[in-house]
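Colleague: Could you take a close look at one part of this model for me? I'd like to hear about the aromatic pairs and the nonpolar core around them.

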Amino acid sequence: MRDGAGWWMRSVLGGVLLALLSSCGYSLVGRGVNIPEHIEAVYLEALVNRTQRSQVEQFLTRAIADELTTRRRFDLVARAEDSDALLQGSVEQFAVTPITFDPEGLATEYEISITVKVAFTERETEEELWKNERYLFRENYAVDDSSTDYFDRENDAIEEAAEAFAETMVSDLLEGF
């Protein structure tokens, strides 16, 4: 009789534990609702460049616009007054650091590091719906050691990093991270 009662008690405790774990608040990524449904039109303000690297803000702004358009959650509008929300920000830091070297000591791989301050605000109420004060993104790129087109490759790498940055940032915005 004791073994039967013990088995029954373990079953009940197991069921309670299972019920608690299933209601612990975890949910699938992409299921979060961070943005109110009435936000449909968004004005993307060109990012401000606070770095020494020219054009980095242009690459990032264009990539964010492309990503928002691809996601089809919002309509991008050309004027702030036509929008429900504003997406604004600035490129705070930009660095290129050599990380791999050949036997002669020449860099063969670099890391791009970009830090952006970004906010998504409801236009009429000025309520911040989402923001990140120090959005850090890193991307590596290789340079052919016989190549002399370092700066051309750097622009390509910045453009690739901007696309990956925009994809990650827009996902975070939409999912509330």
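Modeller: Sure, but keep in mind that this is a predicted model, so let's start with confidence: pLDDT is the predictor's own score for each residue. In the protein chain, strand β2 (residues 48–49) comes out highest at 98, while helix α1 (residues 2–22) is lowest with a mean of 53. Over residues 16–32 the pLDDT drops below 50, and that stretch has 4 contacts in the model beyond near neighbours in sequence. The chain average is 82, with 76% of the residues scoring at least 70.

Now the rings. Searching the whole structure turns up 5 aromatic pairs. One of them is Y110 with Y141: the centres sit 5.7 Å apart and the planes make 20°, so this pair is stacked. Y110 belongs to strand β5 and Y141 to strand β6, so the pair links parts 31 residues apart in sequence. Both of these tyrosines are buried. Y135 and F165 also pair up, but edge-to-face, at 5.2 Å between centres and 80° between planes. Here strand β6 provides Y135 and helix α3 provides F165, so parts 30 residues apart in sequence are tied together. Y135 and F165 are buried too, and they join W130 and F137 in one aromatic cluster.

As for the core, the largest nonpolar one has 40 residues, and L60, I64, F74, L87, F120 and M169 touch the most other members. Helix α3 gives the most to this core, 10 residues. M169 also leads back to the rings: leaving out neighbours within four places in sequence, M169 contacts W130 and Y135, along with I64, L87 and V118.

Note on methods: Residues numbered from 1 in each chain as written. Predicted model: local features only at pLDDT ≥ 70, side-chain atom pairs only at ≥ 80, totals over all residues. Heavy atoms only, no water. Core = buried A, V, L, I, M, F, W, Y, C linked by side-chain atoms within 4.5 Å. Buried < 20%, exposed > 50% of the residue type's maximum accessible area, 1.4 Å probe, protein only. Helix = DSSP H or I, 4+ residues; strand = E, 2+ residues; numbered from the N terminus. Contact = heavy atoms within 4.5 Å. pLDDT = per-residue confidence, 0-100. Phe/Tyr/Trp six-rings, centres within 6.5 Å; stacked < 30°, edge-to-face > 60°.
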